[in-house]
Amino acid sequence: MRADLPPDYRQVDVVVVGGGQSGLAVGYYLRRTGLSFVILDAQAEPGAAWRHAWNSLRLFSPAQFSSLPGWPLEGGPDYYPMRDEVVEYLCRYEARYEFPIERPVHVEAIRREGDLLVVEADRGIWLASAVVSATGTWTRPYISEYPGRGHFRGDQLHSARYASPDPFAGKRVLVVGGGNSGAQVLAEVSQTATATWVTLKEPTFLPDHMDGRYLFDQATARYRAQQEGRPVPEPASLGDIVMVPPVRDARERGVLKSVRPFDRFTEEGVVWSDGREEKIDAVIWCTGFKPALEHLRPLRVVEPGGRVELEGNRSIREPRLWLVGYGDWTGFASATLIGVGRSARSVAAEIERRLAGNSALT
Ligand code: FAD
């Protein structure tokens, strides 16, 4: 054993890094295995990324289709919960199951140590036979590079930090990004600012009667095909954006239209592809996120594209490491409240099988 380990290190069967919906869902199933585990989360309070979403955010899937394992989010099949209700639900979920959670604890590095993994955090060191990484993406907002962006003197904000339209009232604003975030932020900001929606291609909208549960059903069909060894169908291109009420309202107001990207920034604004220069006050980047995997770097499992090569949810290069909740590459619909349960259940069962014989994970 490493000589430099502090005397107060702790040892468990499993360390779960991240106490958002993904980490809690894994914890729900680990509780049933009898394995010793701890969930380490960098935030002082529960709620994870939801705690930082914008004030008016409403789920695109109704409550009945937005529950973690074991305990439904109240509201039923026709109610779309607000951000604060999801945070409250995660707080109560964590308390209800009395998970062994330590927060705020930021995991800085995970290293190999013989049969075990060493989890180095800002508030201690844990040894574990298995580690589940459930750190999400919210801490790694992604902004597409545009020439001159560093010289632009206006405001720039990623959707991860967007809270409300108030600071943009009366201003000329670009909302960049063609997904659900872009559509919802445009819908809101366009009510008080001169907003232009910039998307790489024409945005596609689900029919009004379809919401997040349609996307989940699609993911389930792909999951079942994968489980049954059938060809996994490509997602039907019915549309990416769920027509939640604020987005429908924006369509009625005639603002749900987007333009293709500008060429470059100037100090005062942007230059469009036809050469026109336009003064802009602010840009809100709704350009998505990358997986937060810095803590895995010492294991040399993170590929150049920023993902980890997996078999199911388990790292191929490090068989004592599992990943949950980062998007379809870690399980269809796994980055959603209702979708993460499937991955969490199979990961807990797989770890239990592999640790049952106390055999080193091979
Ligand atoms: P997170 O919620 O990001 O939690 C990860 C946790 O890990 C955080 O607490 C973080 O602090 C912690 N962490 C990170 N790094 C470390 C570290 N090194 N050490 C310790 N802790 C660490 N899903 C739905 O089901 N329905 C919806 O309607 C819906 N709408 C959405 C709208 C928007 C705008 C966005 C962005 C997402 C939406 N989602 C929705 C998706 C879903 O909410 C998120 O993907 C979800 O937050 C992912 O949960 P998570 O637990 O995987 O990650």
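This passage walks through a predicted model of one protein chain, from its overall build to a few individual residues.

The overall build is a good place to start. The protein chain holds six helices and 17 strands. Its radius of gyration is 22 Å, close to the 21 Å that the globule rule gives for 362 residues, so the chain is as compact as a globular protein of that length. Along the principal axes, the C-alpha atoms fill a box of roughly 65 × 45 × 40 Å. Of the 362 residues, 52% are buried. Contacts also tell something about the fold: among those between residues at least 6 apart in sequence, 64% join residues at least 24 apart.

The surface can be described in a similar way. About 16,700 Å² of the protein chain is exposed, and carbon and sulfur atoms supply 50% of that area. As for charge, there are 43 positive and 46 negative side chains, and the centres of the two sets lie 2 Å apart.

Two helices are worth a closer look. Helix H4 covers residues 212–227, and its 16 residues should span 22 Å at 1.5 Å a residue; the end C-alpha atoms are indeed 22 Å apart, which agrees. The buried residues of H4 include Gly212, Tyr214, Phe216 and Arg222. The partner against which the buried residues of H4 pack is helix H6 (340–356). Helix H3 (residues 180–189) is mostly covered, with nine of its 10 residues buried. Among them are Asn180, Gln184 and Glu188, along with Val185 and Leu186. The cover over the buried residues of H3 includes strands E8 (172–176), E9 (194–198) and E14 (282–285), as well as helix H5 (245–252).

Loops have their own stories to tell. Serine 67 sits in the loop between strand E2 (37–40) and helix H2 (83–96). With a relative accessible area of 14%, serine 67 falls under the 20% cut-off and therefore counts as buried. Setting aside residues up to four places away in sequence, serine 67 touches Pro72, Leu73, Tyr89, Leu337 and Ile338. Serine 67 and glycine 341 are 274 residues apart along the chain, yet their C-alpha atoms are separated by 8.8 Å.

Glutamate 318 offers another example, this time in the loop between strand E16 (314–315) and strand E17 (321–323). Its relative accessibility is 2%, so glutamate 318 counts as buried. Apart from neighbours within four places in sequence, glutamate 318 is in contact with Arg112, Leu117, Leu299 and Val301.

Finally, the backbone shows some notable geometry. The peptide bond from arginine 103 to proline 104 is cis, with omega near -5 degrees. Proline 104 belongs to the loop between strand E3 (101–102) and strand E4 (107–113). Arginine 300 is not a glycine, but has a positive phi of about 55 degrees. This arginine 300 lies in the loop between E14 and strand E15 (310–311), and its relative accessible area of 64% makes arginine 300 exposed. Alanine 333, a residue other than glycine, likewise has a positive phi, near 60 degrees. The loop between E17 and H6 holds alanine 333, which counts as buried at 11% relative accessibility.

Key: Residues numbered from 1 in each chain as written. Predicted model: local features only at pLDDT ≥ 70, side-chain atom pairs only at ≥ 80, totals over all residues. Heavy atoms only, no water. Helix = DSSP H or I, 4+ residues; strand = E, 2+ residues; numbered from the N terminus. Rg over C-alpha atoms; globule rule 2.2 N^0.38 Å. Buried < 20%, exposed > 50% of the residue type's maximum accessible area, 1.4 Å probe, protein only. Contact = heavy atoms within 4.5 Å. Areas by Shrake-Rupley, 256 points an atom, 1.4 Å probe, with all protein chains shown as cover. Lys, Arg positive; Asp, Glu negative; His and termini not counted. Charge placed at Lys NZ, Arg CZ, Asp CG, Glu CD. Expected span 1.5 Å × (residues − 1).
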